[in-house]
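Work through these exercises with the model in view. Try each task before you read its solution.

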Amino acid sequence: ARAGRYDYGADPVFVQLNDPGLKARAIRWWIRSVLGKIVHYKAKHQRILDGAATRLQLALPRDIVMNSVLPFVQLPPHKFEGEEDYSLEGEEGEDEDEEG
């Protein structure tokens, strides 16, 4: 190699980053971590929504809350592939930014 040029072939990090199997595993790990966050925040949204609906029902008739308010704030019922693999147990109170 010429003086001043870096030999990437001898760099173990560079070699690992160019390993297609390692890249695929890293991408799968990243996708799973994003999916886990989506599941977590969907559950958090539902807990906040349930609390807000309870408070609203104290001020408004139940049918107005159920028919006119909740449909606008509920998340669509979409399930991501593999979402059922994530347990929602034990998530209560895990966030520092949790309202309540």
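**Exercise 1.** Find how much surface the protein chain exposes and what share carbon and sulfur atoms supply.

Solution. The protein chain exposes about 8300 Å². Carbon and sulfur atoms supply 58% of that area. Accessible areas here come from the Shrake-Rupley method with a 1.4 Å probe. This is a predicted model: local features need pLDDT of at least 70, side-chain atom pairs count only at pLDDT 80 or more, and totals for chains, interfaces and linings use all residues. Residues are numbered from 1 along each chain as its sequence is written, and side-chain values use heavy atoms, with hydrogens and water left out.

**Exercise 2.** State how many helices and strands the protein chain has, and give their pattern.

Solution. Count three helices and zero strands. Helices (H or I, at least four residues) and strands (E, at least two) are DSSP runs, numbered from the N terminus. Along the sequence the pattern reads α-α-α.

**Exercise 3.** Check the span of α2 against the expected value.

Solution. Helix α2 covers residues 20-59. The expected span is 1.5 Å times one less than the number of residues. For the 40 residues of α2 that gives 58 Å. Its end C-alpha atoms are 58 Å apart, which agrees.

**Exercise 4.** Which residues of α2 are buried, and what do they pack against?

Solution. Buried means under 20% relative accessible area, exposed over 50%, partly exposed in between (1.4 Å probe, protein chains only). The buried residues of α2 include Leu35, Gly36, Val39 and His40. Ala43, Lys44, Leu49 and Ala53 are also buried. The buried residues of α2 pack against α3 (62-73). Val34, also in α2, is partly exposed at 30%. Over the protein chain of 100 residues, 15% count as buried.

**Exercise 5.** Which helix has the lowest mean pLDDT, and which the highest?

Solution. pLDDT is the predictor's confidence in each residue, from 0 to 100. Helix α1 (residues 12-17) has the lowest mean, 69, and α2 the highest, 87. The protein chain averages 75.

Technical notes. Contact = heavy atoms within 4.5 Å.
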